[in-house]
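Biologist: Could you take me through one spot in this model, slowly and in detail? I would like to see how one pair of helices packs.

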Amino acid sequence: MFLIDKIILLAAVLILVGIISSKLSARMGLPVLVLFLVIGMLAGDSGIGGIIFNNADAAHALGTLALAIILYDGGLQTPITSVKAVWKPAAVLATWGVLVTAVIAGMAAMWILDLSPLEGLLVGAIVGSTDAAAVFSLLRNAGIHIQPRLKSTLEIESASNDPMAIFLTVGLLEVLMNDLPFGLGLLQLFVMQMGVGAAVGLGVGWLSVRLINRIQLVASGLYPVLVAACGLLAFGIAANLGGSGFLAIFIAGVFVGNSRFVFQRSTFLFHDGLAWLGQITMFLVLGLLVHPPALLDIWLEGLIIAAVLIFIARPLAVVPTLLPFGFNAREITLVSWVGLRGSVPIILAIFPLIFGMSGAPLIFNVVFFVVLISATVQGSTLPIVARKLGLAEPAPLTPPATLEITALGDVDADIVQYTLGETSRAAGRRLSQMALPVGAVVAMITRETRVIPPRGSTALEAGDHLFVVLRPETRLLVDRVFMSSSDEVSVMRLPPAELRVKGTTRVEDLRVCYGIELGADDTLTLDQLLRQHLADAVSVDARWVQHGTALRVCEMVDQRIATVGLMPAHDAALPRA
């Protein structure tokens, strides 16, 4: 038997055990990363598996690749609206927050471990960042639901603060081992890491979308692979130019994920699976690398450093950062608590081993122990803390079926999923009463586990999932049709472009769906209303203004008005008929 045969068998067994453990993690109340690390330790030379693995370079390479894939998947799934809403507090947390945390934790490590000031700062820098894999896993896959603003802040911070921690770690190692100037040298390194990483991420993301939509591949299964290759290209270019590959791949992921491209949903599913595989592999390998008996020698020191990190350093970094951005005390408390450490500190703790630094094994063992404590204590108690603070939210409704446009090329259409809430205008009404813009079609309705064929007579209910095919320019109008009835609507807020609806649309339907008041009998259709007021002047492009709304005959079939356009009268600048 060849060595590779044994490696494949061993890898398959460990991955299967990891996947099964992810199913058990929610029941046990532990984050999956803790279980993966424990499985890796049990499989190691001091555990029941007896696998000898002490190759720091291989662990660093595998960890870097896995973390890049995880960050890319996180970027693909991050809506640009979330980034715009919280990028300022998240950016400050990802830079200044990491620095404050590193300094405070580093001072504690210097005193507890009897290290020099720079060595203590190195330990602080290694544990200074929250971990994207841990936070994404906890907030997206563990059944924990918090307010969108907090969730976005935590996810974007965790995805973007790794470059700062890596910069501090590498910079301090260069100062300690290679005599890099402490002041100007570190500043230049920071500018290169952040500036090049951001520029490459934006550039490669922009080019990737155009390449994906223009190229005609022979097999649809190659498109997700192409998207993955574009992300790795961003990482590779940035890293080889002296920038942060992690920042570049995350930004490229955000750019690609918020653009329209072919086979989008299947691509997201592919990368979600890749991210899970990367997460399992990374934590298992890192678990194999550690020598569990060595943790017993530093458990007290690690426990004290973890306590300082959780209860002092993280809150002191978060409180002054979030207060200016309008976060209240409860929100700040939750963000302070969700400072999970994970794979990134362990990977960074490998750097001193690679550099051949004296005392590197001590640093690695302490960091590993701190990560275990942080992930176990903070990760397992997050649901309790969120509920106690009143910030937990009920789980969103998820559809039992999905649709996707799979046509190749630049398709001028989107499929958008809407979930009807209790106060949705559409709940309790028939599909024919929805006054959807012309060109918007309900393709499928799911209710619980049933798929309901969409017909005009179909009565919609709260909790229904609707899949609507629409043109991108009508998205805001369709959003308004299915939004909560308590939200304010006004014809003055309609976009200047015409809202085109069927002539069979009733006056009441326009009022309920868009807030358009025509001051006419609710039972009249637009065809009947226009014929009533235009009389013999009914023809294509004939117009009539009522209650600030301009109505135009857009299309006629025989003698029937098939399509009517509506827009605010002041935008139409029409004379009253």
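Is the crossing of H4 and H7 left-handed or right-handed?

Modeller: Happy to! The crossing of H4 and H7 is right-handed (the near helix is turned clockwise from the far one by less than a right angle; anticlockwise would be left-handed). This is a predicted model, where local features need pLDDT of at least 70 and side-chain atom pairs pLDDT 80 or more, while totals for chains, interfaces and linings use all residues. Residues are numbered from 1 along each chain as its sequence is written, and side-chain values use heavy atoms, without hydrogens or water.

H4 spans residues 80-113 and H7 residues 148-160, among 21 helices and eight strands in the protein chain (DSSP runs numbered from the N terminus: H or I of at least four residues, E of at least two). Their axes lie 8 Å apart at about 50 degrees (lines fitted to C-alpha atoms over the stretch in contact, with angles from 0 to 180 degrees between N-to-C directions). The two helices are therefore oblique to each other (under 35 degrees is roughly parallel, over 145 roughly antiparallel, 65 to 115 roughly perpendicular, the rest oblique).

On the H4 side, Ser82, Val83, Val86, Ala90, Leu93 and Ala94 make the contact (heavy atoms within 4.5 Å). H7 brings Arg149, Ser152, Thr153, Ile156, Glu157 and Ser160. By class, that contact holds six nonpolar, four polar and two charged residues (nonpolar: Ala, Val, Leu, Ile, Met, Phe, Trp, Tyr, Cys and Pro; charged: Asp, Glu, Lys and Arg; polar: the others, Gly among them).
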